[in-house]
Each structure stands twice: as C-alpha cells, then as structure tokens.
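Visitor: I would like to learn how to read a model like this one, feature by feature. Could you walk me through it?

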Amino acid sequence: MNDTFESVTSLRARLDVLLAEHRDLDEAIARLAALPPPDDLLVRRLKKRKLFVKDRILLIERLMDPDVPA
C-alpha cells in the first residue's frame, strides 16, 4: 500500500513539473511570436518541446487514472 502511495505521489510531482514547463513554454512561444521578426527556428524548437511535454503529461495522467477498473 505504501509503495502505491509513493508511486502516485511521485507521478503527481512529475506531472506538476511537466504542467508548469508546458505553461512556461506556451508563454515563451507567445512572447517570441510577438517579437518582430520572430525567431522561427527557436519557436519551432519550443513547440516541439511543448508537444513532447504534452505527450508525457498524457502518459502520466493515464498511469494515474487507468481506463480499466481495478
């Protein structure tokens, strides 16, 4: 039981970090896109990182709340 709690707590902590990074990337992309002229390469790299972070968020959310009833 304790291992399960620690596992969920660890996943929750990782999820919180990823959510914060995703939000920060979103804000950075918006700021860069507003600058004339935008740094297209940097914006593309940040968007790619944001997609990776989003995929990790979805994976952790599925691990924390599986579709199949236990």
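Guide: We will go through the core, some contacts, burial and two distances. Keep in mind that this is a predicted model.

Visitor: Let us start inside. Which residues make up the largest nonpolar core?

Guide: A core of this kind is a set of buried nonpolar residues joined through side-chain atoms. Here the largest one has 11 residues: Leu 15, Leu 18, Leu 25, Ala 28, Ile 29, Leu 32, Val 43, Leu 46, Val 53, Ile 57 and Ile 60. Helix H1 (2–34) and helix H2 each supply at least two of them, and H1 gives the most, with 6 residues.

Visitor: What does one core member touch, say Leu 46?

Guide: For contacts, set aside the neighbours within four places in sequence. Leu 46 is then in contact with Leu 25, Ala 28, Ile 29 and Leu 32. These four partners are themselves listed in the core.

Visitor: Now a polar residue. Where is Lys 50 found, and with which side chain does the side chain of Lys 50 make a polar contact?

Guide: Lys 50 is found in helix H2, which covers residues 40–64. A polar contact pairs N or O atoms within 3.5 Å. The side chains of Lys 50 and Asp 26 make such a contact, at 2.7 Å. Beyond its sequence neighbours, Lys 50 is in contact with Asp 26 and also with His 22, Leu 25 and Ile 29.

Visitor: His 22 appears there. Is His 22 buried or exposed?

Guide: Compare the relative accessible area with the cut-off: buried means under 20%. His 22, in helix H1, has 18%, so it counts as buried. Leaving out residues up to four places away, His 22 touches Lys 50, Val 53, Lys 54 and Ile 57.

Visitor: And how does Arg 56 read on that scale?

Guide: The class between the buried limit of 20% and the exposed limit of 50% is called partly exposed. Arg 56, which lies in helix H2, has a relative accessible area of 36% and is therefore partly exposed.

Visitor: How far apart in space are Arg 56 and Leu 18?

Guide: It helps to read separation along the chain next to separation in space. Arg 56 and Leu 18 are 38 residues apart in sequence, and their C-alpha atoms are 7.6 Å apart. For Leu 11 and Lys 48, 37 residues apart along the chain, the C-alpha separation is 23 Å.

Visitor: What is Leu 11 in contact with, then?

Guide: Leu 11 belongs to helix H1. Apart from neighbours within four places in sequence, its contacts are Ile 60, Leu 63 and Met 64.

Technical notes:
Residues numbered from 1 in each chain as written. Predicted model: local features only at pLDDT ≥ 70, side-chain atom pairs only at ≥ 80, totals over all residues. Heavy atoms only, no water. Helix = DSSP H or I, 4+ residues; strand = E, 2+ residues; numbered from the N terminus. Polar contact = N/O pair within 3.5 Å; in protein donor to acceptor, adjacent residues only side chain to side chain. Contact = heavy atoms within 4.5 Å. Core = buried A, V, L, I, M, F, W, Y, C linked by side-chain atoms within 4.5 Å. Buried < 20%, exposed > 50% of the residue type's maximum accessible area, 1.4 Å probe, protein only.
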